[in-house]
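Work through these exercises with the model open. Each task is followed by its solution.

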Amino acid sequence: MSTVMITGGSRGIGAAAVKRFSDAGHRVFFLYQSNDYAAQSVAAATGATPIRADVSCKDEVVSAFERCGRIDILVCNAGISRIGLMSMMDEDDWDRIFDVNVKGMYHCINAAMPGFLEKQSGSIVTVSSMWGQIGGSCETPYSATKGAVISMTKALAKELGPSGIRVNCVAPGVILTDMCADLDEATLSQLREETPIGRNGTPEDVAEAIEFLANAAFITGQVLGVNGGLVI
Ligand code: NAP
């Protein structure tokens, strides 16, 4: 049994990952930002332990990780998006998305690091996006943060491999969660048509890939697209 920490575990992809690791018999903690109701629902359904902490806040992350003890697997999933023309994006929005999507990973990985180094073992899975691979129009800051997640993953895999720590990344495509709630049916339908597998993705599709990478002993520094073939 491993101890697993999943950020953003109260909804969407993170909640599916909480369920998957819990079903596999692991001890699971998850962070969430503010949605107590969603967090308690996931906790009741899975037996996992929710901890309210904003990943962009170092103090909150450090005290959350202190409650968990040493962890074996860290899934850095918490993320937000901002949609609109970059020229219309105000500086606070720009800063916030980088604080959550990039600095949040820095805080969480650093909080897990002492335990990983002590044991000379650990597994980190980061969650990027297909837009981090190819860029998304009207999602420039989001794409930039998700590109940064891919670079972080590769750099850290090189840095931490000699210490027995693997770092891998999933890059989801269109996944039906609250993050996609603003997409109308016509858009989702068009995206389905452009997807070789012929459907939109589910949180469970991504959770399966996260679990695979978390456990794959000879894989590090890799980016696994979970997009039905939309981006190849
Ligand atoms: P979601 O349904 O909107 O859920 C986001 C989760 O992150 C929630 O648990 C939320 O907590 C948590 N969260 C947000 N900001 C946080 C913060 N500052 N500190 C702690 N937790 C925070 O999103 P999702 O679609 O599952 O996305 C999960 C990840 O996949 C994100 O990194 C996203 O960029 C990536 N992704 C998603 C898609 C997609 O199509 N859905 C595609 C590619 C990549 P609360 O419930 O408390 O708000």
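A residue counts as near a molecule if one of its heavy atoms lies within 4 Å of it. The model is predicted: local features need pLDDT of at least 70, side-chain atom pairs count only at pLDDT 80 or more, and totals for chains, interfaces and linings use all residues. Residues are numbered from 1 along each chain as its sequence is written, and side-chain values use heavy atoms, with hydrogens and water left out.

**Exercise 1. Describe the shell around the ligand.**

Step 1. Count the shell: 32 residues surround the ligand. The closest are Ser10, Ser34, Asn77, Tyr142 and Thr177.

Step 2. Sort by class. Ala, Val, Leu, Ile, Met, Phe, Trp, Tyr, Cys and Pro count as nonpolar, Asp, Glu, Lys and Arg as charged, and the others, Gly among them, as polar. The shell has 14 nonpolar, 13 polar and five charged residues.

Step 3. Find the helices (DSSP runs of H or I, at least four residues; strands are runs of E, at least two). H1 (12-23), H4 (91-119) and H6 (140-160) each supply at least two shell residues.

**Exercise 2. Find polar contacts to the ligand and state how far it is covered.**

Step 1. Look for pairs of N or O atoms within 3.5 Å. A polar side-chain atom of aspartate 54 lies 2.9 Å from a ligand nitrogen.

Step 2. Check the backbone. An N or O atom of asparagine 77 is 2.7 Å from a ligand oxygen. For glycine 173, a backbone N or O atom lies 3.4 Å from an oxygen of the ligand.

Step 3. Read the cover (Shrake-Rupley areas, 1.4 Å probe). Of the 900 Å² of accessible area that the ligand has on its own, the protein covers 96%.

**Exercise 3. Place the ligand in a pocket and describe the lining.**

Step 1. Define a pocket: on a 1 Å grid over the protein atoms alone, an open set of points where a 1.4 Å probe fits, with protein on both sides within 12 Å along at least five of seven lines. Lining residues have an atom within 4 Å of a point.

Step 2. Place the ligand. It sits in the largest pocket, with more than half of its atoms within 2 Å of the grid points.

Step 3. Describe that pocket. It holds about 1,200 Å³ of space. Among its 46 lining residues, Gly79, Ile80, Ser81, Thr177 and Met179 are closest to the centre. H1 gives the most to the lining, three residues.

Definitions and conventions
A polar contact is a pair of N or O atoms within 3.5 Å; within protein, one must be able to donate a hydrogen and the other to accept it, and residues adjacent in sequence count only if both atoms are side-chain atoms. Grid points are joined across faces, edges and corners, and a volume is the space filled by probe spheres set on the points.
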